[in-house]
Amino acid sequence: MKENPVMFASTRLITTDVDRLVAFYELVLGVAPSRPAPVFAEFVTPSATLAIGDVRTVPVFAPGEAEAAANRSAILEFLVDDVDAEFARLTSAGIESVTAPALMPWGNRVFFVRDPDGDLVGLFAPETDEAIARFAGRNGVSA
């Protein structure tokens, strides 16, 4: 049996406006996406891939099973070096925050925004010793 039988590959958001969502995540992530087709984009980062697909792609892989701008349960979270600097950068660029930076009970400092389709997006950094230890070795975090 394989050591890691399942590898998390990506999260895909379905939208009616790929260009609008791409512009938002390009600003948030600070990386340019790959655009293999006008109806699809991927942001490949060292730790994860965020894919964006047009609603017209849904019938190709799962007719009627994905709906644009309908998420109310998932939160996309991005690990950053400096929560307050990212908060200032994004809000000064016109992105409206849902919450101001705050320390969570599990030791991460985080703030939330919504993407143009209403998906909740958190930017966080481990702040307490326990949170830093939990992330040590993951995604470039050092203890």
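**Reading salt bridges in a predicted model**

Tutor: Let us begin with one pair: the side chains of D19 and R35 meet in a salt bridge, with 3.1 Å from N to O. This is a predicted model, in which local features need pLDDT of at least 70 and side-chain atom pairs count only at pLDDT 80 or more, while totals for chains, interfaces and linings use all residues. Residues are numbered from 1 along each chain as its sequence is written, and side-chain values use heavy atoms, with hydrogens and water left out.

Student: What is a salt bridge, and how many are there by this rule?

Tutor: The term means a side-chain nitrogen of Lys or Arg within 4 Å of a carboxyl oxygen of Asp or Glu. By this rule the count is five salt bridges.

Student: Where in the chain do D19 and R35 lie?

Tutor: Helices (H or I, at least four residues) and strands (E, at least two) are DSSP runs, numbered from the N terminus. D19 belongs to helix α1 (residues 18-29) and R35 to strand β2 (residues 34-37), so the pair, 16 residues apart, links distant parts of the chain.

Student: Which residues does R89 pair with, and are R89 and E86 buried or exposed?

Tutor: R89 forms a salt bridge with E86, their closest N and O atoms being 2.7 Å apart, and both lie in helix α3, three residues apart, about one turn of the helix. Buried means under 20% relative accessible area, exposed over 50%, and partly exposed in between (1.4 Å probe, protein chains only). E86, at 18%, therefore counts as buried, whereas R89, at 30%, counts as partly exposed.
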